[in-house]
Amino acid sequence: MTQLRDDCFANDSPLLTAAAALDLLRQRVQPVVRTETIALSGAAGRVLASEIRSERDVPAHDNSAVDGYAFRADDLASGEPNRLRVAGRSAAGHPLDHAPRPGTAVRIFTGALMPEGCDTVAMQEDCTVKGDILVVPDGLRQGANRRRRGEDVRTGQIVLNPGRRLRPQDLGMIASVGRAEVTVYQRLRVAVCSTGDEVSEPGDAIAPGRIYDANRFMLIALLEGLGATVTDLGIVGDDRATIRRTLDHARAEHDLVVSSGGVSVGEEDHVRQAIEDFGSLHFWRLAIKPGRPLTLGQIGQVPFVGVPGNPVAAMVTFLRFVRPVVLRLAGVEDVEPQVFTVIADFNHQKKSGRREFLRGRLTTGRDGRRHVTPFPHQGAGILRSLVEADGLVELPEEMTKLTPGSDVAFLPFSEVLA
Ligand code: AMP
Ligand code: MG
């Protein structure tokens, strides 16, 4: 099994730009899980660990793309309506067992093997047949309606590279080259906890001053969406000994530990102390809003990520910075989501030097293009801003003023929630 290098999250920069942080994470994080070979039928969403190279041509033979009549184009005299005698039949799974005689046509169906010597198929809708005489339409070029052997995949071709999460179409491809099993990375095992003496379990009656735990449910769902197997460690109070015990237990059987809260600079940071008891911890001060403090460390060899306690900051930092870490650890190669350009329907002023993430909703403008409007209340504790949004507007560091009609970068949740 691969191990992260010691202290792979060490970072002393006072303030990191989002791009610099993502670069560092890309360089330092590598897959930590072993591989396993599993049945193709259970492989959706899993991360491919070795390339798929085809040992065959797909399709394996020339075949017909339509229902109709197959013949040799050279047998047709040009100009006149062309007549051929129909002799023989080739259906999918039931090929003709002999070469047709010159000057004859073969009744053929989609996916059926092209009879020996035939190179062209006339669609049945374009043909007239009287008795056994076929009238072939004019203007059919040689090779029409014929699928060539190997036109999809050639023998020896690599159809899928390692490091991709298998999509339904990928499974289709693996099956079509005849493979029943694939080698994938084992699922990343992640332990999740919330911290805070004020944080309580939903369903419990709570005293004034306490809040319900929102983050753990978001984080577990986010991680499961990325294919991880999650252990729920529950809520841990602000107490160094308890946190220490929880983390020590978690590191034994997990590839990653994720917590929320308890790491704001300046607060009583029990998480920091607990982790430093048996590992290393680094506060990455990101030049972003919301969610500036992101905590990364190692509990022994096991990586640790602490997201901010404020739910919006927790989710934004997870989607933009933790998600790539999770995916890299799990074996994924390309972890950057697609960001799209849409039109801003609003004014906005911001500080330069930091990247800002607004929660926004998409609409289609009268111009037929996609427009975005931010949720009116953008506070880091306003969970509704996430609930009511379709994704994140990403405003670049250098921008200070945004005017309606400008292009802005938009990261749809649909891009990052799986
Ligand atoms: P902290 O990072 O622990 O200082 O928390 C920052 C803010 O987020 C405080 O208002 C906390 O009460 C709140 N918070 C912390 N953890 C959670 C949680 N699991 N769910 C909802 N809010 C939380
Ligand atoms: Mg706290």
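**A walk around helix H6**

Just after H6, Gly331 takes a positive phi of about 105°. Keep in mind that this is a predicted model.

Visitor: Which helix bends by about 50°, and at which residue?
Guide: Let's follow H6, the helix that spans 311–329. Its axis turns by about 50° along the way. The helix is H6, and the residue at the bend is Phe318.

Visitor: Is H6 largely enclosed or open, and how many of its residues are buried?
Guide: Happily, this one can be counted. Buried here means under 20% relative accessible area. H6 is largely enclosed by the rest of the structure, because the number of its residues that are buried is 19 of the 19.

Visitor: Which element gives the most residues to the largest nonpolar core?
Guide: That core holds 57 residues, and Leu188, Leu223, Trp284 and Phe318 touch the most other members. Elements giving two or more residues include helix H1, helix H3, strand S13 and helix H6. With 12 residues, the top contributor is H6.

Visitor: What is Phe318 in contact with, leaving aside neighbours within four places in sequence?
Guide: Phe318 is a good residue to click on, as one of those that touch the most other core members. Helix H3 covers 215–225. With sequence neighbours within four places set aside, the contacts of Phe318 are Leu219, Leu222, Leu223, Leu226, Arg323 and Val326.

Visitor: How far apart are the C-alpha centres of domain 2 and domain 4?
Guide: The domain assignment gives domain 2 as 39–58 + 154–185, and domain 4 as 340–416. Between their C-alpha centres the distance is 37 Å.

How values were computed. Residues numbered from 1 in each chain as written. Chains lettered and ligands numbered in written order. Predicted model: local features only at pLDDT ≥ 70, side-chain atom pairs only at ≥ 80, totals over all residues. Heavy atoms only, no water. Domains from an automatic or database assignment. Core = buried A, V, L, I, M, F, W, Y, C linked by side-chain atoms within 4.5 Å. Buried < 20%, exposed > 50% of the residue type's maximum accessible area, 1.4 Å probe, protein only. Helix = DSSP H or I, 4+ residues; strand = E, 2+ residues; numbered from the N terminus. Contact = heavy atoms within 4.5 Å. Bend = angle between axes of the 7 residues up to and from the residue.
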